[in-house]
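Please open the structure in your viewer, with a cartoon representation ready and a way to select residues by number. The tour begins at one strand and moves outward from there.

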Amino acid sequence: MKINKFGVAFTLSALLGATAAWAEYPERAVNMVIPYGAGGATDISARTIAEPLGDAVGKPLIMANVTGAGGATGSVAVQNAKGDGYTMLFARVGSHSVNPAMKATLPYTLDDFRFVTVYEINPVACAVTPASGINSMDDLIAKVNEGGVSYSSSGVGSLLHLAGAMVLKEFGVENPLEAATHIPQKGGGAAATAVLNGTATFLCTNSSALASFVANGQLKPLMVTTPEPVVGFDAPTANELGKERLNQLVGWTGIAGPDDLPDDVAAKWGEWMATATQDPKFNETMSARGSVIQLMDPEEANAFIIGQYNIFRALVDELGMRIEG
Amino acid sequence: MSLWDSLMAGLSLVATFEAFFALFAGICIGVVGGAIPGLSATMAVALTLPFTFSLQPITGILLLLGVYKGGIFGGSIPAILIKTPGTPASSATILDGHPMAERGEAGRALGMALWASCTADLVSNLSLILFAGWLASFALSFGPPEFFALILFSLTIIAGVSGESLLRGFLSALLGLLLATVGLDLVYGTNRFTFGDPNMMGGLNFIAVLIGLFAIPEIISMAWNPVAHLGKARALGQTKVTFADYRRSFRSIIRGSVIGVFLGSIPGIGAAPSAFLSYSEARRKSPNKENFGKGEIEGVAASEAGNNGVAGATLIPLLALGVPGDVITAIIIGAFMIHGLQPGPMMFILNVDIIYGLFIGLIVSSVFLFFVGSVAIKGFRFVADIPKRILMPAVLVLCIYGVFAVNNNIFDVGVMFVMGWVGYIMLRYRVPAAPFLIAFILGPLLEDNFRQSMLMSGSDPTILLRGPITWFFWTLTVVTIVAIVRSVVRKARSAV
């Protein structure tokens with residue numbers, strides 16, 4: 001009887017404790033998983049927002065890189081975490097729209113996550129070496145039709161992989177998988193090197209990854225996918241070339257929790273992000289890297305990501321790029 | 001701007017207390033970080049990166065470079081003292097460094113590691129300053145076929161580190177190649193040997209395998225037979241390295257530095273293969289070949305020269321091309337970007353003060369490394385005096401902590417223990433661990449570059465013989481294999 005009473009008291013206090021915790025979320029530090037390696041685009045973006053975001057949250061943010069398998073390892077860690085808002089993920093275009101669209105064997109789907117924000121958009125640019133003699137998208141397409149053109153990527157199922165195929169397809173290449181060879185590399189740095197040393201003809205990737213090569217005259221940009229021109233990139237926009245559909249081909253960084261994240265927690269993140277993205281230093285650093293700060297609340301973020309996923313998925317199915325094994 | 005003006009501009013940028021303090025602090029952090037098993041140089045650099053965001057660009061970059069250089073040296077300390085590489089690059093140092101420590105010559109081995117590291121570091125930094133442009137264009141002539149030929153040649157190192165039995169060495173290498181296939185297929189993106197576990201999709205974590213293979217078997221042996229070591233002499237490492245030692249190993253150190261510079265300037269190889277290649281070349285050329293692997297000081301010198309020779313040279317692709325050469329420089333490039341610097345040929349024109357500031361900082365770093373390293377050796381040498389029954393549990397705790405921290409993933413700790421038992425069985429059956437490691441590092445590179453070559457050529461194998469670089473390495477490979485076969489045959493005959 002005594003034990004029983006104790007049990008009841010314990011349950012009660014636990015319940016009370018739980019409600020108290022919800023009322024005061026966050027009452028302890030929040031784990032933030034970065035599914036890519038230190039020094040990469042996601043890592044830098046995450047660590048730049050972490051400072052103003054930490055101030056807004058009012059509790060420390062513990063940043064941890066959990067890398068591997070193109071962002072899948074870190075994503076799975078958050079997918080399996082409790083939806084209490086104390087484990088959140090920096091989601092990226094590669095891990096959360098290209099990968100789910102391309103890989104049947106991925107251990108997660110978009111439904112396993114609840115996105116609370118997308119805060120950064122990265123334009124995509126396509127580039128070649130000046131030595132290639134290719135000066136415009138038309139030149140590139142002409143070369144593709146002749147044959148022998150290849151493009152590099154940071155790996156199968158990366159944004160770069162899909163982007164190469166999508167751009168060629170939009171420019172009227174019937175079967176981009178046959179017309180051009182995809183040469184996967186390990187990582188974004190290696191992908192750029194492959195174009196520099198002539199292993200591949202072109203690549204399409206985030207403008208921030210290309211900015212230094214373009215500024216140094218090592219690579220020549222052919223096109224950017226945003227409606228507005230990108231600073232430092234002397235190349236036409238997709239809209240100027242009449243390919244508005246390519247506007248969807250952009251990189252982004254956002255924050256997600258597990259799918260059972262409660263509404264009030266998601267709403268809180270929305271508020272915090274609204275405060276954090278006002279920070280002038282954050283804006284300055286990100287703009288200098290060629291990112292466009294574009295804050296989306298939880299609903300907009302979900303709609304944006306699902307929209308991009310559907311476009312990518314349709315392309316993947318049409319071209320037969322889905323990886324089943 | 002003349003060279004003098006550039007130098008002065010650089011000097012005015014780095015001749016501040018903060019810049020030098022950052023460099024010094026970086027080396028201290030690196031040596032300690034590198035010396036903790038599991039907390040590799042890469043981890044130390046990654047952990048330092050966020051602190052550089054608020055610093056001046058040059059100060060931040062010097063801090064990271066200090067951590068990098070300190071870490072590569074620091075890794076040799078546990079490699080020598082407790083047979084656990086603090087950082088993958090120091091795996092080769094174990095081969096001769098640890099037997100020396102067992103003989104009570106820990107101080108001598110550590111001293112040689114430091115001298116060789118600093119010499120190689122200096123050679124590497126000078127190469128960066130003098131030949132960056134030339135080496136960068138050399139590096140750009142390395143496409144997948146050239147890589148394939150180079151890696152194929154590097155695999156012949158296995159023969160040099162197999163110890164008494166070539167057959168056992170091959171067995172070990174095969175096991176390494178097999179385990180390296182776990183993860184995502186590069187070209188098709190399909191799962192290989194992941195058994196449906198998402199944790200395996202990224203492949204087996206390198207640090208976990210490394211620690212599992214070297215440190216855990218020692219701990220298991222200790223637990224198996226707690227008193228086995230008691231009779232053995234493992235006295236205070238009071239012995240010091242002498243100038244005669246240094247002079248005797250000088251040729252190996254310079255050879256190792258040059259190997260390091262070449263491999264470092266080619267993006268994508270890293271310090272560990274360079275250390276092993278330098279080691280096996282030193283062994284091949286040495287008159288006391290037989291003594292290698294049993295505590296030959298020249299082996300320590302060659303390995304340490306090989307890995308530190310990479311440290312300055314990896315900045316060549318970084319600064320001259322804007323391309324990260326390995327995992328560590330990929331992190332450092334992040335520090336450039338966060339400050340709006342764009343490494344590449346134009347940086348030599350636009351930010352010439354930063355470039356020369358870095359050069360000055362690098363040269364100074366070799367000197368700092370020498371002093372910090374000397375102090376560290378004095379401190380860490382006494383680790384050799386700690387009774388094994390106290391040391392080993394402490395090492396185990398550090399290993400678990402370090403391996404977990406690499407990727408914040410408990411699965412990696414499991415990998416470490418499984419590999420520990422594999423390593424223990426290998427130890428019991430006298431199968432050497434070094435060939436396993438070399439195959440584990442080089443196997444994926446060999447496969448990826450082969451398949452990339454085939455994609456480039458449309459499956460035409462003649463691409464593997466394009467250009468003089470491939471021919472050069474193919475010839476070297478054939479010559480080395482013939483030499484190995486001849487020595488095996490001769491051994492067999494003399495045995496009969």
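Select residues 30-34 of chain A, which form strand E1, a mostly covered strand in which four of the five residues are buried (a residue is buried if 20 or more other C-beta atoms, placed from the backbone, lie within 10 Å of its own, exposed if 12 or fewer, and partly exposed in between). Strands (E, at least two residues) and helices (H or I, at least four) are DSSP runs numbered from the N terminus. The model is a predicted one, in which local features need pLDDT of at least 70 and side-chain atom pairs count only at pLDDT 80 or more, while totals for chains, interfaces and linings use all residues. Residues are numbered from 1 along each chain as its sequence is written, and chains are lettered from A and ligands numbered from 1 in the order in which they are written.

Next, add E2(A), which runs parallel to E1(A) and is joined to it by five bridges; two strands count as paired if DSSP finds at least two bridges between them. Within this pair, Val30(A) stands opposite Leu61(A), and Met32(A) stands opposite Met63(A). Now show helix H2 (residues 41-57) of chain A, which with E1(A) and E2(A) makes a right-handed β-α-β unit, right-handed meaning that, with the strands pointing away from the viewer, the path from the first strand over the helix to the second runs clockwise.

Then select strand E3 (residues 87-92) of chain A, parallel to E1(A) and joined to it by three bridges, where Met32(A) has Met88(A) opposite.

Widen the selection to the whole open sheet, whose six strands follow the order E2-E1-E3-E10-E4-E11 in chain A with mixed pairing. Strands E2 (61-65) and E11 (292-296) of chain A stand at the edges with a single partner strand each, so one side of each is left without a neighbour in the sheet.

Move on to strands E4 (residues 113-122) and E10 (residues 251-258) of chain A, which pair in the antiparallel sense over eight bridges, with Arg114(A) opposite Gly257(A). Across E4, E10 and E11 of chain A lies helix H12 (residues 298-319), running at about 75° to E4(A); axes here are lines fitted to C-alpha atoms, for helices over the stretch in contact (C-beta atoms, placed from the backbone, within 7 Å), and angles run from 0 to 180 degrees between N-to-C directions.

Finally, zoom out to chain A, whose secondary structure comes to twelve helices and eleven strands, and whose C-alpha trace spans about 85 × 45 × 30 Å along its principal axes.

Methods. Two residues are in contact if their C-beta atoms, placed from the backbone, lie within 7 Å.
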